[in-house]
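Biologist: I should like to go through this structure with you step by step. May I put my questions in turn?

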Amino acid sequence: SLKFDYYNSMLINTMDEDGNYVELGGEFPLEENEHFNNLPVNTQQSNIQVPTNVYNKDPKLLNAIYNSEALNDVYVNNFLRDPTLTWQYFGSSYGFFRIYPGIKWTPDNNGVVAFDSRNRNWYIQAATSPKDIIIMVDISGSMKGLKMTIAKHTINTILDTLGENDFVNVIAYTDYVRYVEPCFRGTLVQADLDNREARMNGQGSMCNQAIMLITDGAMEDFESVFEEFNWPERRVRVFTYLIGREMTFAQKTKWIACNNKGYYTHISTLADVQENVMEYLHVLSRPMVINHDHDIIWTEAYMDTVVTQSLLLMTSVAMPVFSKKKETLSHGILLGVAGTDVPLMEVMKLAPRYILGPHGYAFLLNNNGYILAHPDLRPLVSSASEHFVF
């Protein structure tokens, strides 16, 4: 096997007690750079961030990092050609994040690196086309205590994977059905931040359509229902999330997903939620990969306080990267997402000021009608709140 080391952004410039660089560390010169928020960076070399929950020497991970080494020269040349470029990066489906210029990554107070590029808005939007999603959560008597906590966390994690091009609604069911948010009754609403945290009468995005079924066990397989409403086309995929330790009804819950082009996953602890929810994105990205739809997406405006520690409004431009190997073409394998950040001030500089007159000004809207930049825009910075309360 190939012996391959990489610069791990957590471990660079770190010595052990004998004065040697730690493994995956090594000397990595950093200089403060005004263009990158005065952060100490290395403009000659990208480096790699690996989330704490991903083993940083997993052979598959090492192989994928090795295969992405060629990006280094691309990044350096891009920056030479266009010095207005800021961060350039690649988020891999294996969980690593290659960032240029290279930086030292600071863990949080508990020494944990929670940042996982696969959960970021730019990654998810580029990896899947627009989605219509109904989340159905079982609130029958057995779904008490820890099971309900895990179910809520699963819902919030699914909601976090949705952006303003997606449409969503949440339905709770026992013997009867109720909409979690009554004012959205009977319609799909745009999954923007306001609605995810809870106007628009949605026809939905009419693209990827899925039902997420969150339960501690399906008593029956509901074959007749699927036969009537979803077969033979199976236009709506059904993903099933079996909550809790009990496996009695696993077979039926799995059958529902497998017979409706979905994916079955078993979530027994809170720690399982993140990885298992991410699986549905891989399934939804397959048709795009097979058709090679390299759509370029622009994300909604955000403040990137994680990587760049900046309070500037940014948008990310990103596109999916697919495996082109002949033998895996039909499997639809997503390698990851490549992107770059664009400060909105840079976009505003392109506005033709001279035409606007002394009292005119330019502002920027995205395709969903959200203001991205405006002279009077004063963004509010707040900590993320919980989405839904049952």
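Modeller: Certainly; a definition comes first. Helices, of at least four residues in state H or I, and strands, of at least two residues in state E, are DSSP runs numbered from the N terminus. By that numbering, P232 lies in the loop between helix 6 (223-229) and strand 12 (236-243). The model is a predicted one.

Biologist: How many helices and strands does the protein chain have, and what is its radius of gyration?

Modeller: The secondary structure of the protein chain amounts to ten helices and 19 strands. For 390 residues the globule rule gives 21 Å, and the value for this chain is close to that, so the chain is as compact as a globular protein of that length. The radius of gyration is 23 Å.

Biologist: What share of the residues of the protein chain counts as buried, and what share of its accessible surface belongs to carbon and sulfur atoms?

Modeller: Among the 390 residues of the chain, 46% count as buried. The accessible surface comes to about 20700 Å². The share of that surface belonging to carbon and sulfur atoms is 54%.

Biologist: How far apart are the mean positions of the positive and negative charges of the protein chain?

Modeller: The chain carries 30 positive and 45 negative charges. Its C-alpha trace spans about 65 × 65 × 45 Å along the principal axes. The two mean charge positions are separated by 4 Å.

Biologist: In what order do the strands of the open sheet of three strands run?

Modeller: The pairing in this sheet is antiparallel. Strand 1 (31-33) and strand 6 (102-103) are the edge strands, each pairing on one side only. Strand 2 (residues 39-42) is joined to strand 6 by two bridges, and V41 stands opposite I103 in strand 6. The order is 1-2-6.

Biologist: Which residues of strand 5 are buried on its two faces?

Modeller: In a regular strand, side chains alternate between the two faces of the sheet. Strand 5 (residues 97-100) is covered on both faces. The buried residues are F97 and I99 on one side, and R98 and Y100 on the other.

Biologist: Which residue of strand 4 stands opposite Y100 in strand 5, and which residue of the hairpin takes a positive phi?

Modeller: Strand 4 (residues 88-92) pairs with strand 5 in the antiparallel sense over four bridges. Strand 5 is also joined to strand 3 (residues 47-49), by three bridges and again antiparallel, with I48 opposite R98. In the hairpin of strands 4 and 5, four residues lie between the strands, and one residue has a phi near 110 degrees. The residue opposite Y100 is Q88, and the residue with the positive phi is G95.

Biologist: Which peptide bonds involving P101 and P232 are cis?

Modeller: P101 is placed in the loop between strand 5 and strand 6, and the bond leading to P101 has omega near -5 degrees. For the bond leading to P232, omega is about 0 degrees. The cis bonds are Y100 to P101 and W231 to P232.

Biologist: Where is R234, and is it buried or partly exposed?

Modeller: R234 has a positive phi of about 55 degrees although it is not a glycine. This residue is found in the loop between helix 6 and strand 12. Buried requires under 20% relative accessible area. R234 has 23% relative accessibility, and therefore counts as partly exposed.

Biologist: Is Y280 buried or exposed, and which residues does it contact beyond its neighbours in sequence?

Modeller: Y280 is placed in helix 8 (residues 273-291). Its relative accessibility is 1%, so Y280 counts as buried. Leaving aside neighbours within four places in sequence, the residues in contact with Y280 are K131, I133, I158, T161, L162, M212, F239 and Y241.

Biologist: Why is strand 16 described as largely enclosed, and which residue of strand 17 is the bridge partner of S316?

Modeller: Strand 16 (residues 313-322) has eight of its ten residues buried, so it is largely enclosed by the rest of the structure. Two bridges join strand 16 to strand 14 (residues 297-298), and W298 stands opposite V317. Strand 16 also pairs with strand 17 (residues 334-343), in the antiparallel sense, over nine bridges. The bridge partner of S316 in strand 17 is D341.

Notes: Residues are numbered from 1 along each chain as its sequence is written. This is a predicted model: local features need pLDDT of at least 70, side-chain atom pairs count only at pLDDT 80 or more; totals for chains, interfaces and linings use all residues. Side-chain values use heavy atoms; hydrogens and water are left out. Two strands pair if DSSP finds at least two bridges between them. Buried means under 20% relative accessible area, exposed over 50%, partly exposed in between (1.4 Å probe, protein chains only). The radius of gyration is taken over C-alpha atoms; the globule rule is 2.2 Å times the number of residues to the power 0.38. Accessible areas come from the Shrake-Rupley method with a 1.4 Å probe; for residues, only the protein chains shown count as cover. Lys and Arg count as positive and Asp and Glu as negative; His and the chain ends are not counted. The place of a charge is taken as NZ of Lys, CZ of Arg, CG of Asp or CD of Glu. Contact means heavy atoms within 4.5 Å.
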